[in-house]
Amino acid sequence: MTPWTDRSGKFSPLKAVVFAGICVPAIWIAWRALSGDLGPRPIDEAILRTGDWAIRFLWLSLAVTPLRFIAGWPKLILVRRMLGIGTMCYALSHFTLYALDLQFDFARIASEIALRFYLTIGFVSLLGLVALGVTSTDAAIRRLGGNWNRLHRLVYVIAPLAAFHFFIQSKADVYEPTLMAGFLLLLMLCRVARWRGFAITSVPVMVTIAIVAALGTAAIEYAWYGLATGVPPGKVLAANLQFSYSIRPAWWILAAGLGLALLAFVRPRIGGRDTGAARGRISRAAA
């Protein structure tokens with residue numbers, strides 16, 4: 001089975017598009033490196049970009065389950081494994097480039113990981129992603145049985161650690177880490193709502209989740225500046241009510257959450273409801 005075919009061997013446009021999307025950032029980074037367009041310290045830029053894409057693809061893999069319910073598109077489950085493997089590959093590239101920057105001096109690498117907290121967190125996240133990646137095969141699923149689901153719930157620990165790593169290594173400018181933390185909060189609230197028996201296909205539920213996630217994102221940003229930087233957190237919080245310079249992450253999270261609520265409103269009116277059979281086929285793989 002190739003990355004662009006389904007289990008029956010038929011060409012899957014969805015899988016082909018996602019596979020191409022996973023490859024494009026790596027090709028773009030390599031092209032920029034070869035053309036000398038990665039700045040005065042190309043290795044640093046490559047390390048940053050591969051780390052950014054590892055987090056983005058991890059978040060996309062977490063978005064599969066809420067989206068397939070809200071959009072009524074059960075076939076989305078077909079690409080979750082691919083997104084997870086893509087996440088692992090970008091995370092490994094991120095670490096390999098870091099090791100290359102240190103000339104593969106493994107004693108120094110080990111010392112840096114042990115002594116620098118953000119590297120410790122990042123390395124633990126990497127180990128977790130590798131563990132999930134190497135057990136994503138059909139053979140591993142059969143061999144692990146019920147333990148497979150328990151093992152892969154580690155992603156709910158790995159994701160916050162990865163977000164924290166992103167915050168710490170970003171130092172003062174944490175706009176993008178805050179945005180990514182907000183998206184993670186939105187996705188986790190969708191899961192918690194489902195676990196508590198709420199239907200995330202309900203518009204009121206999704207509107208509530210959007211508002212709570214946006215407020216939580218603003219609180220995360222406020223807490224970070226208050227605890228970890230010298231920037232007055234009150235000014236950052238006040239900036240959420242001003243749009244002269246930039247739109248703060250909390251507003252983007254609110255917009256994303258309301259977009260999901262709109263999708264939940266529109267989807268039943270244009271068809272595409274999940275059938276009982278479809279739910280049965282995908283329930284074993286649901287997160």
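**Entry 1. Overall count**

I began with burial over the whole protein chain: 41% of its 287 residues count as buried. I note here that the model is predicted. I then listed the secondary structure and found 13 helices and 0 strands. Read from the N terminus, the elements run α-α-α-α-α-α-α-α-α-α-α-α-α. I also looked up how far apart in sequence the contacting residues lie. Among contacts between residues at least 6 apart, 67% join residues at least 24 apart.

**Entry 2. Helix 1**

I took helix 1, residues 13-34, next. Helix 1 has 22 residues and spans 31 Å from first C-alpha to last, close to the 32 Å expected at 1.5 Å a residue. Where does helix 1 have a kink? I found a kink of about 25° at C23, shortly before the proline P25.

I listed the buried residues of helix 1 as L14, K15, A16, V18, I22, P25, I29 and R32. P25 thus appears twice in my notes, as the proline shortly after the kink and as a buried residue. The cover over the buried residues of helix 1 includes helix 2 (42-70) and helix 3 (80-101). Just after helix 1 I noted G36, which has a positive phi of about 70°.

**Entry 3. Helix 3**

I checked helix 3 in the same manner. Helix 3 has 22 residues and reaches 32 Å between its first and last C-alpha, close to the expected 32 Å. I recorded R80, M82, L83, G86, T87, M88, Y90, A91, Y98 and A99 of helix 3 as buried. Which helices do the buried residues of helix 3 pack against? I found helix 1, helix 2, helix 4 (106-115) and helix 5 (117-134).

**Entry 4. Helix 2 against helix 3**

I looked up the geometry of this pair. The axes of helix 2 and helix 3 are 8 Å apart, and the packing angle is about 160°. Angles over 145 degrees count as roughly antiparallel, so I entered helix 2 and helix 3 as roughly antiparallel to each other. Helix 2 passes helix 3 in a left-handed crossing.

**Entry 5. F57**

I picked F57 in helix 2. Is F57 buried or exposed? I entered F57 as buried because its relative accessible area is 4%, and the cut-off for buried is under 20%. Leaving out residues up to four places away in sequence, I found F57 touching G21, I22, P25, L83, T87 and Y90. Of these, I22 and P25 are on my list of buried residues in helix 1, while L83, T87 and Y90 are on the list for helix 3. I also took the C-alpha to C-alpha distance from F57 to A91, which is 10.0 Å across 34 residues of sequence.

**Entry 6. The loop after helix 3**

I went through the loop between helix 3 and helix 4, where Q103 is found. Q103 has a positive phi of about 55° although it is not a glycine. Its relative accessible area is 70%, so I put Q103 down as exposed. F104 is found in the loop between helix 3 and helix 4 as well. F104 is not a glycine either, and has a positive phi of about 50°. I put F104 down as partly exposed because its relative accessible area is 39%.

**Entry 7. A159**

I moved on to A159, which lies in helix 8 (residues 155-170). The relative accessibility of A159 is 1%, so A159 counts as buried. What is A159 in contact with, leaving aside its neighbours within four places in sequence? I found L58, W59, L62 and L184. A159 and L129 are 30 residues apart in sequence, and their C-alpha atoms are 9.5 Å apart.

**Entry 8. Helix 9 against helix 12**

I closed with helix 9 (residues 175-195) and helix 12 (residues 249-266). Their axes come within 9 Å and cross at roughly 30°. Angles under 35 degrees count as roughly parallel, so I entered helix 9 as roughly parallel to helix 12. Helix 9 passes helix 12 in a right-handed crossing. I listed Y175, T178, L179, G182, F183 and L186 as the residues of helix 9 that make the contact. From helix 12, I listed P249, W252, I253, A256, G257 and L260.

Methods
Residues are numbered from 1 along each chain as its sequence is written. This is a predicted model: local features need pLDDT of at least 70, side-chain atom pairs count only at pLDDT 80 or more; totals for chains, interfaces and linings use all residues. Side-chain values use heavy atoms; hydrogens and water are left out. Helices (H or I, at least four residues) and strands (E, at least two) are DSSP runs, numbered from the N terminus. The expected span of a helix is 1.5 Å times one less than its number of residues. The bend at a residue is the angle between axes fitted to the seven residues ending there and the seven starting there. Buried means under 20% relative accessible area, exposed over 50%, partly exposed in between (1.4 Å probe, protein chains only). Contact means heavy atoms within 4.5 Å. Axes are lines fitted to C-alpha atoms, for helices over the stretch in contact, and angles run from 0 to 180 degrees between N-to-C directions. Angles under 35 degrees count as roughly parallel, over 145 as roughly antiparallel, 65 to 115 as roughly perpendicular and the rest as oblique. A crossing is left-handed if the near helix is turned anticlockwise from the far one by less than a right angle, and right-handed if clockwise.
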